[in-house]
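User: Please guide me through this structure by means of questions and answers.

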Amino acid sequence: MIFRTPTYYRDFRCIAGDCRDSCCKGWEIDIDKETAAYYAAVEGAFGDRLRRSIRNGSFLLTEDERCPFLNRSGLCDIYTELGGDKLCRICSDHPRYYEWFGSVKEGGAGLCCEAAAELIVSRPFALCEVEVPDETASGEYDEDLFSMLIGAREEMFAALADEKLSLNESLYRVLDIAAEMQLCIDMPFPDCEAEAPADEALHGAFALLSELEPIDEKWQPYIAQCTEKLSCSRDRNSGTEPVLRRLGSYFIFRYLLKAVFDGEVLSRAKFAVFSLIVLDRLFRIQGCSAASDCAGIAKNYSKETEYCEENMEELLFRLGNDREFSISSLKGILALS
């Protein structure tokens, strides 16, 4: 089996106690059945503590929403007491993500993690492959469609990497490739033909974010404050353009091939472009000028969108049906800059 990842994936390391936004806080942590069975058999005082801290297949969070095994040094007591191989699957894998397509497995490090975000925004995007033992595929799919999607994705990567094109031109190309691809398959996905005025569409993008289920209580007030500053946000800093191109490749890599299972090519490409539109504006409002300035904002955006299944479903639906997010409307927002 081929295992394909961005090159930065192999350099990802959890920074544990140095993390300022630990994944062991504020998240429900489900325990896989195999690990739950092991925890049920651990002996001694630590085994008793494990069992007291688990209910209905999840860890019982503390009053301040910390995992009960996250100690005050920011380290995991399970890791230090039992070893890293005794973590439940979600703790062992996060923020890594994987997708299986027959004999191909793809994976990467998710943007919602502070350390991963630093890698994603600071490294040029490139892919690498290694051979790994076969693993179970996630489902049947059309191999011809998969090949077409691979080709379309390569074209999108090329457009995002082509610095002879302005960033806006690169994103126009991503949308056009997706639209052409959508027309070629037997599962057309709707795109609202109406066009919203650019300023209205931009405010619509931020309004949509404010309607999603918040993961962090600070997110919606932050988006509300930024919305008030949209009309006076400064010009894009040239230092953030490479970051936006890398983030675009991250979103396209992570999501486009999933269309082999449901045919929704255009909505996934739109999500990448929508994300860059939002992040670009947030970078401007915050005065970001370098990759390190952008990582935290990108991480928070990812956490509030990618890491809530209901939010992603709502985003993909609205991107396909609202006139503010038609192809022409998204291009109009980009033309504002």
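**Buried residues, charges and backbone angles**

Analyst: The buried residues of helix α5 are Glu114, Ala115, Ala116, Ala117, Leu119, Ile120 and Val121, where buried means under 20% relative accessible area with a 1.4 Å probe and only protein chains counted, exposed means over 50%, and partly exposed lies in between. Helices (H or I, at least four residues) and strands (E, at least two) are DSSP runs, numbered from the N terminus. The model is predicted: local features need pLDDT of at least 70, side-chain atom pairs count only at pLDDT 80 or more, and totals for chains, interfaces and linings use all residues. Residues are numbered from 1 along each chain as its sequence is written, and side-chain values use heavy atoms, with hydrogens and water left out.

User: Why is helix α5 described as largely enclosed by the rest of the structure?

Analyst: Helix α5 spans residues 114–122. Its buried residues pack against β5 (104–109), α10 and α13 (291–305), contact being heavy atoms within 4.5 Å. The helix is largely enclosed because, of its 9 residues, the number buried is 7.

User: Which side chain of opposite charge is nearest to Arg246?

Analyst: Arg246 belongs to helix α10 (residues 241–255) and touches Ile120, Val121, Ser122, Arg123, Pro124 and Phe125, not counting residues up to four places away in sequence. Lys and Arg count as positive and Asp and Glu as negative, while His and the chain ends are not counted. Arg246 is buried yet has no salt bridge, that is, no side-chain nitrogen of Lys or Arg within 4 Å of a carboxyl oxygen of Asp or Glu. The nearest side chain of opposite charge is 6.8 Å away and belongs to Glu163.

User: Which residues are joined by a cis peptide bond?

Analyst: One partner, Pro95, is placed in the loop between α4 (89–93) and β4 (96–101). The omega angle of the bond is about 5°. The residues joined by this cis peptide bond are His94 and Pro95.

User: Is Asn56 buried or exposed?

Analyst: Asn56 is found in the loop between β2 (54–55) and β3 (58–59). Its phi is near 55°, a positive value in a residue other than glycine. With a relative accessible area of 77%, Asn56 is exposed.

User: What is the relative accessibility of Glu65?

Analyst: Glu65 lies in the loop between β3 and α3 (77–82). Phi of Glu65 is near 65°, a positive value in a residue other than glycine. Glu65 counts as partly exposed because its relative accessibility is 45%.
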